[in-house]
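I opened the notebook for a slow look through this structure, one lookup at a time. Here is what I wrote down along the way.

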Amino acid sequence: MLLDLREIIEVPGASVPFACEMSTDNLDFPSVAGYDLPPYAEGTVFNEAGILRLKGTVTAEMRCICDRCGEEFSSTKVTELDATIVEEDTGVDPELFILEGDGVDIDEIVSTLFILDMETKFLCSEDCKGLCTRCGKNLNLGPCGCRKQLDPRFAVLEQLLDK
C-alpha cells in the first residue's frame, strides 16, 4: 500500500495516519504454523522537524510450534514500529527507508520491521521441559519411564547399586 505523504513533507508537525492488513505471503517462519488473523498494522507518519518518522504497532495472532516439545500453541505478537523515512538513499544507514516520489510503501516498511523483530526460538512456555531424549515423550505431560542415563565412567559403581 502506497501511503501519500505529499501533505506533510514540507509541514513540520503534520501527520498522516495509516492502518492496513499485512499479506502473510512473505512471512514464512519455520516455527509459525499459520496465522489466525492476518497481521494488522496501524500508526502514524509524522514530520518531526523536517524528518519523516513512522511510529505504530503490528499485531499478529499466530499458531506456533514449540521448538522444545513440538506442540502447537497460540501466540499474539505485538511489534512496535519505529522507522525513519528519507528522500534519497545515502547508503550510510540500512535502517532508513526511502521515499518513493511523494509516498512510501507501508507494506515494505511494516513487513521488514515485523520480520526483524520475530523471535528466533518459539516456546509454548518459558518453563517448557521439552522431550525426553531417549523415548521422545513430552515431559510437560509428566515424567517418562526411562532410567536416567549415567556417565559410562560410573558403570562399575552402578553395578554396585543394582546389588
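**Entry 1: the charged network.** I began with a set of linked charges: Glu48, Arg53, Lys55 and Asp82 are joined in a network of salt bridges. I am working with a predicted model, so I keep that in mind throughout. A search of the whole structure turned up seven salt bridges.

**Entry 2: the links in the network.** I looked up Arg53 and found that its side chain meets that of Glu48 in a salt bridge, at 3.8 Å from N to O. That value counts because the cut-off is 4 Å. Buried or exposed, where does Arg53 fall? Arg53 is buried, because its relative accessibility of 17% is under the 20% limit. Glu48, on the other side of the contact, is partly exposed at 37%.

Next I turned to Asp82, which forms a salt bridge with Lys55; the closest N and O atoms are 3.3 Å apart. This pair links distant parts of the chain, with Asp82 in strand β5 and Lys55 in strand β4, 27 residues apart. I noted Asp82 as partly exposed, with a relative accessible area of 41%. Lys55 is partly exposed too, at 34%.

**Entry 3: one more salt bridge.** Which residue does Glu72 pair with in a salt bridge? I found Arg63, with the closest N and O atoms 3.5 Å apart. Glu72 has 46% relative accessibility and counts as partly exposed. Arg63 counts as partly exposed at 28%. A general reminder for myself: side chains of opposite charge can pair when their charged atoms come close.

**Entry 4: the strands behind it.** I then followed the strands. β2 (residues 15-21) runs antiparallel to β3, and seven bridges join the two. Within that pairing, Cys20 stands opposite Ala41 in β3.

How many bridges hold β3 (residues 32-48) and β4 (residues 51-65) together? I read off 13, in the antiparallel sense. I picked out two partners along the way: Tyr40 has Thr59 of β4 as its bridge partner, and Gly43 has Gly56. I also wrote down a general point, that side chains in a regular strand alternate between the two faces of the sheet.

β4 goes on to pair with β5 (residues 72-86), again in the antiparallel sense, over 14 bridges. Here Glu61 stands opposite Thr76 in β5.

**Entry 5: the turns.** I checked both hairpins for backbone angles. The hairpin of β3 and β4 has two residues between its strands, and Ala49 there takes a positive phi near 55°. The hairpin of β4 and β5 has six residues between its strands, and Gly70 in that turn has a positive phi of about 80°.

**Entry 6: a nonpolar patch.** Last, I left the strands and looked at the surface. Which residues form a nonpolar patch there? I found Phe154, Leu157 and Leu160, with about 320 Å² of accessible area together. Phe154 lies in the loop between α1 (106-116) and α2 (155-162). Its relative accessible area is 46%, so I logged Phe154 as partly exposed.

**Closing note.** My page ends where it began, with the network of Glu48, Arg53, Lys55 and Asp82. Beside it I sketched β4, which pairs with β3 over 13 bridges and with β5 over 14.

Note on methods
Residues are numbered from 1 along each chain as its sequence is written. This is a predicted model: local features need pLDDT of at least 70, side-chain atom pairs count only at pLDDT 80 or more; totals for chains, interfaces and linings use all residues. Side-chain values use heavy atoms; hydrogens and water are left out. Two strands pair if DSSP finds at least two bridges between them. Helices (H or I, at least four residues) and strands (E, at least two) are DSSP runs, numbered from the N terminus. Buried means under 20% relative accessible area, exposed over 50%, partly exposed in between (1.4 Å probe, protein chains only). Patches are made of residues with over 30% relative accessible area and no salt bridge: like charges are joined within 9 Å, nonpolar side chains (Val, Leu, Ile, Met, Phe, Trp, Tyr) within 5 Å. Accessible areas come from the Shrake-Rupley method with a 1.4 Å probe; for residues, only the protein chains shown count as cover.
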